[in-house]
Amino acid sequence: MTYSVVARDPETGRFAVAVQSHFLGVGPVVPWLEAGVGAIATQASVNISLGPIGLEMLRAGQAAAEVVASLTGGDERSAIRQLGVVDAEGRAAAHTGAECIPACGHHVGDGYTVQGNLLERETCWPAMAEAYEAALARGEPFVERLLLALEAAEREGGDVRGRQSAAIMIVEGEVRPTTWRAHLWGGRLMDLRIEDHPDPVPELRRIVTLQLAYDLSDDGGEAARSGTPSPERYAQARRLAPDAYELVFWRGVELATGGDVEAGRRELQIAFAADKRWRTTLQHLADAGREGVTPELAASLLG
């Protein structure tokens, strides 16, 4: 009772699943991904085990179509299941069981698959495919293509029951080392979920945008590694998320402790005006002797 897009980015090799459903907390149920291995969406009358079992098959080198055939062939209730799979080579395959509730169906494209069931109209998944391919042709970022696919389904009515939860997960294109830390983090680049919301797809876009702003501000992030200067990254982040005052606060601290006290004060005043608790936060940093904030510096910035 869900629609989703499963895809591999041809430029970076990254994998993603984005999904929406009138179901509480769809994020822990439908998307199954592993860096450098592939991505799976298991939905309709969900058999959650198809996710991890399918990843095991992909890890062993099976193609997407082989994985779908094996999973459905070994499931006595495959007629009520729906699957989308993309493998490490970007091959895609899908299954919509004959007894899935209409409107239901899927479309398999080059490096992606879209699928849905219990939807308002049969135009939902074709609209998702069209939106995804058009965004790819325009050179849109991977995450934007996924969001546009979800929004296209919504314009066609989406889940016939309404809307409740949504999720998006993106993992790296390269296999991670087999260590406990890699197992825990799994090469995840984005893992965002809207568990219960009257309009989850716009809310998902909002927090994705916020995540992108935080990523820009990260000195260890992709933009920093590519050589984008810190002031430029911060300006981009502010344009993306003008109300993200935590970014403003920490930028102010960074500037002040780096020697540009006046510039730091200007940024901090923005945060202080938004919420007086940022003043208290600065004082707590000084009290703890953290992040280079001395009592003298804090007094100067708070004065």
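Which element gives the largest share of the lining of the largest pocket? The views below take up that question and several others. The model is predicted.

**View 1. The whole chain is built from 12 helices and 10 strands.**
The chain has 303 residues, and 50% of them count as buried. Its C-alpha atoms fill a box of roughly 70 × 40 × 35 Å, taken along the principal axes. Take the contacts in the chain with a separation of 6 or more: residues 24 or more positions apart account for 55% of them.

**View 2. The largest pocket holds about 1,000 Å³ of space.**
Rolling a probe the size of a water molecule over the atoms shows where empty space is left. Here, 35 residues line the largest pocket. Arg14, Leu189, Leu212, Asp215 and Glu222 lie nearest its centre. Four elements give two or more residues to the lining: helix H4 (142–155), strand S10 (188–194), helix H6 (200–217) and helix H7 (222–225). The largest share comes from H6, with seven residues. By class, the lining has 15 charged, 14 nonpolar and six polar residues.

**View 3. Glutamate 203 sits in helix H6.**
Is this residue of H6, glutamate 203, buried or exposed? Glutamate 203 is buried, because its relative accessible area is 18% and the cut-off for buried is under 20%. Leaving aside residues up to four places away in sequence, glutamate 203 touches Ile194 and His197.

**View 4. Helix H2 (residues 64–73) has five named buried positions: Ala64, Val67, Val68, Leu71 and Thr72.**
Why do they line one face of the helix? Seen down the axis of H2, these residues fall within an arc of 115°, so they share one face. An α-helix has 3.6 residues a turn, so residues three or four places apart point the same way. What do the buried residues of H2 pack against? Their partners are helix H1 (50–59), strand S5 (81–87) and strand S6 (92–96).

**View 5. Helix H12 (residues 295–302) has buried residues on one side and exposed residues on the other.**
Leu297, Ala298, Leu301 and Leu302 are buried. They cover an arc of only 125° around the axis, which puts them on the same side of H12. Pro295 and Glu296, on the other side, are exposed. The buried residues of H12 pack against three helices: H9 (245–257), H10 (261–274) and H11 (277–288).

**View 6. Alanine 167 lies in strand S9 (residues 165–171).**
Alanine 167 counts as buried, because its relative accessibility is 3%. Which residues does alanine 167 touch, not counting those up to four places away in sequence? They are Val17, Ala18, Val19, Val26, Gly27, Leu192, Arg193 and Leu204. Now look across to isoleucine 207. Alanine 167 and isoleucine 207 are 40 residues apart in sequence. In space, they are 11 Å apart, C-alpha to C-alpha.

**View 7. The structure holds zero disulfides.**
A disulfide is a covalent bond between the sulfur atoms of two cysteines. Cysteine 100 is in no disulfide, and the nearest cysteine sulfur, that of cysteine 104, is 5.4 Å away. Cysteine 104 is in no disulfide either. The cut-off for a disulfide is a pair of sulfur atoms within 2.5 Å. Cysteine 100 is buried, with a relative accessible area of 7%. Cysteine 104 counts as partly exposed, at 23% relative accessibility.

**View 8. A cis peptide bond joins proline 102 and alanine 103.**
The omega angle of this bond is about -5°. Where does alanine 103 lie? Alanine 103 is in the loop between S6 and strand S7 (105–109).

**View 9. Alanine 44 and leucine 118 have positive phi angles.**
Alanine 44 is not a glycine, yet its phi is about 65°. Alanine 44 is in strand S4 (residues 38–44). At 8% relative accessibility, alanine 44 counts as buried. Leucine 118 is not a glycine, and its phi is about 55°. Leucine 118 is in the loop between strand S8 (112–116) and helix H3 (124–138). Leucine 118 counts as buried, at 12% relative accessibility.

Terms used
Residues are numbered from 1 along each chain as its sequence is written. This is a predicted model: local features need pLDDT of at least 70, side-chain atom pairs count only at pLDDT 80 or more; totals for chains, interfaces and linings use all residues. Side-chain values use heavy atoms; hydrogens and water are left out. Buried means under 20% relative accessible area, exposed over 50%, partly exposed in between (1.4 Å probe, protein chains only). The arc is that of the directions from the helix axis to the C-beta atoms. Contact means heavy atoms within 4.5 Å. On a 1 Å grid over the protein atoms alone, a cavity is a set of points where a 1.4 Å probe fits but cannot get out, and a pocket is an open set with protein on both sides within 12 Å along at least five of seven lines; lining residues have an atom within 4 Å of a point. Grid points are joined across faces, edges and corners, and a volume is the space filled by probe spheres set on the points. Ala, Val, Leu, Ile, Met, Phe, Trp, Tyr, Cys and Pro count as nonpolar, Asp, Glu, Lys and Arg as charged, and the others, Gly among them, as polar.
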